[in-house]
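Colleague: Please take one part of this model and go over it closely for me, namely the charged pairs and then the contact between two of the chains. I would like to follow it residue by residue, with the cut-offs stated.

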There are 6 protein chains.
Amino acid sequence: MPYISFDGPKLTKEQKEKLVKKLTEASTSVLSMPKEAFTVVIKENDLENIGVAGELLANKYKK
Amino acid sequence: MPYISFDGPKLTKEQKEKLVKKLTEASTSVLSMPKEAFTVVIKENDLENIGVAGELLANKYKK
Amino acid sequence: MPYISFDGPKLTKEQKEKLVKKLTEASTSVLSMPKEAFTVVIKENDLENIGVAGELLANKYKK
Amino acid sequence: MPYISFDGPKLTKEQKEKLVKKLTEASTSVLSMPKEAFTVVIKENDLENIGVAGELLANKYKK
Amino acid sequence: MPYISFDGPKLTKEQKEKLVKKLTEASTSVLSMPKEAFTVVIKENDLENIGVAGELLANKYKK
Amino acid sequence: MPYISFDGPKLTKEQKEKLVKKLTEASTSVLSMPKEAFTVVIKENDLENIGVAGELLANKYKK
């Protein structure tokens, strides 16, 4: 604890490594806690499962 | 923002299109915000990963 | 199950009643399940706790 | 309702059966509610998508 | 990690103590991990913010 | 979208401003998306509602 949940699109492993490292550094610099306290979970979502403005991103980006 | 998370079973793409459209319309009609403000994320779960009353739905529906 | 989580701003009780009713109706019309199967949880967030584009909404709306 | 979300690693079906059963029993013994009221959703995450202390578990456990 | 999120009604401190203890014990008995690995977060929700079958629990329980 | 949820302890407004700014900067540097695409929601939890290793943090920190 704290626990950071990141909901976004599919990512490469390199992006995940950087994201976890940077989100943790950002958090430790604001809260006075060691990095060991932070957990990040990356939730990858298919564009078919994300809707913005009532439309699936899978359809929006095909146009 | 707002952010709607929908946790349920596997859906077809057509169901996802309708769900995102209708959840967004339902929300805009209640809050005075444009549809562009709303994000919907559909989380599809295997019946093996959902438990109700202490039993996996995967087992319950096999009976 | 299914479970709908709605993360947004503070709402009046009347808005909550309408939101829960409409989100449930929208969902039952897409999935072939009775309305009793659906749970909606409304998460009200202070504008000080929501950030868009790196800025708190509490600050953005004050300008 | 209540709704329990369990975010962890990949599990076998047998582990899921036990987990759902035991989490529900633990909850009913504390809250005065029948087991039918409880839903558990198990979220399985790849070790590549979990970061602790700024490092992916996929990398940490390879060492 | 793992991370257990419990969404339910208001609880007493004694209930929270028991719930965290029992959910953690249930989890450690199924996964081969020490109890130190588990975090539980209890999310207390007003009955005005929970809807089942399209109706707020705050209204349902008043009847 | 993407959507970042930060579950942690109570924070000051200044901490929230920094946290939202830094988490967004960290994310934009890894994903090729403008900062306007990112939403951060900070979930503040009472120490009485967080359990680690089966014990409430409210009790652990009192010792």
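**Charged pairs and one interface**

Modeller: A:Lys16, A:Glu44 and D:Glu48 are linked in a network of salt bridges (a side-chain nitrogen of Lys or Arg within 4 Å of a carboxyl oxygen of Asp or Glu). The model is predicted, and local features need pLDDT of at least 70 and side-chain atom pairs pLDDT 80 or more, whereas totals for chains, interfaces and linings use all residues. Residues are numbered from 1 along each chain as written, chains are lettered from A and ligands numbered from 1 in written order, and side-chain values use heavy atoms, without hydrogens or water.

Over all chains, the search of the whole structure finds 30 salt bridges. One of them joins the side chains of D:Asp7 and A:Lys43, at 2.4 Å from N to O, and this pair crosses between chains, from strand E1 (residues 3-8) of chain D to strand E2 (residues 39-44) of chain A (strands are DSSP runs of E, at least two residues, and helices runs of H or I, at least four, numbered from the N terminus). D:Asp7 and A:Lys43 are both buried (under 20% relative accessible area, with exposed over 50% and partly exposed in between, for a 1.4 Å probe and protein chains only).

Other pairs stay within a chain. In chain D, D:Lys21 forms a salt bridge with D:Glu25, and their closest N and O atoms are 2.9 Å apart. Because these two residues are four apart in helix H1 (residues 13-30) of chain D, about one helical turn separates D:Lys21 from D:Glu25. D:Lys21 is partly exposed at 46% relative accessibility, and D:Glu25 is partly exposed too, at 43%. In chain E, the side chains of E:Lys18 and E:Glu14 meet in a salt bridge of 3.5 Å from N to O, and these residues also lie four apart, about one turn, in helix H1 (residues 13-30) of chain E. E:Lys18 counts as partly exposed, with 41% relative accessibility.

Now to the interface of chain F with chain A, where the count of salt bridges is zero. Chain F is superposed on chain A by a rotation of 180° with 0.0 Å of shift along its axis, with an RMSD of 0.0 Å (a least-squares fit on C-alpha atoms of residues with pLDDT of at least 70 in both). The two copies are therefore related as by a two-fold rotation axis. F:Ser5 is the residue of chain F that comes closest to this axis, its C-alpha lying at 2.6 Å.

Chain F and chain A each give 24 residues to the contact (heavy atoms within 4.5 Å). Because 100% of the interface residues of chain F are also interface residues in chain A, the copies meet through the same surface. Between them the two chains bury about 2,000 Å², 77% of it on carbon and sulfur atoms (accessible area, 1.4 Å probe, lost on being put together and summed over both parts). F:Met1, F:Phe6 and F:Val30 supply 28% of the area that chain F buries against chain A, more than any other three residues. Strand E1 (3-8) and helix H1 (13-30) of chain F are the elements that give two or more residues to the side touching chain A, and H1(F) gives the most to that side, with nine residues. By contrast, no contact joins chain A and chain C, whose closest C-alpha atoms lie 13 Å apart.
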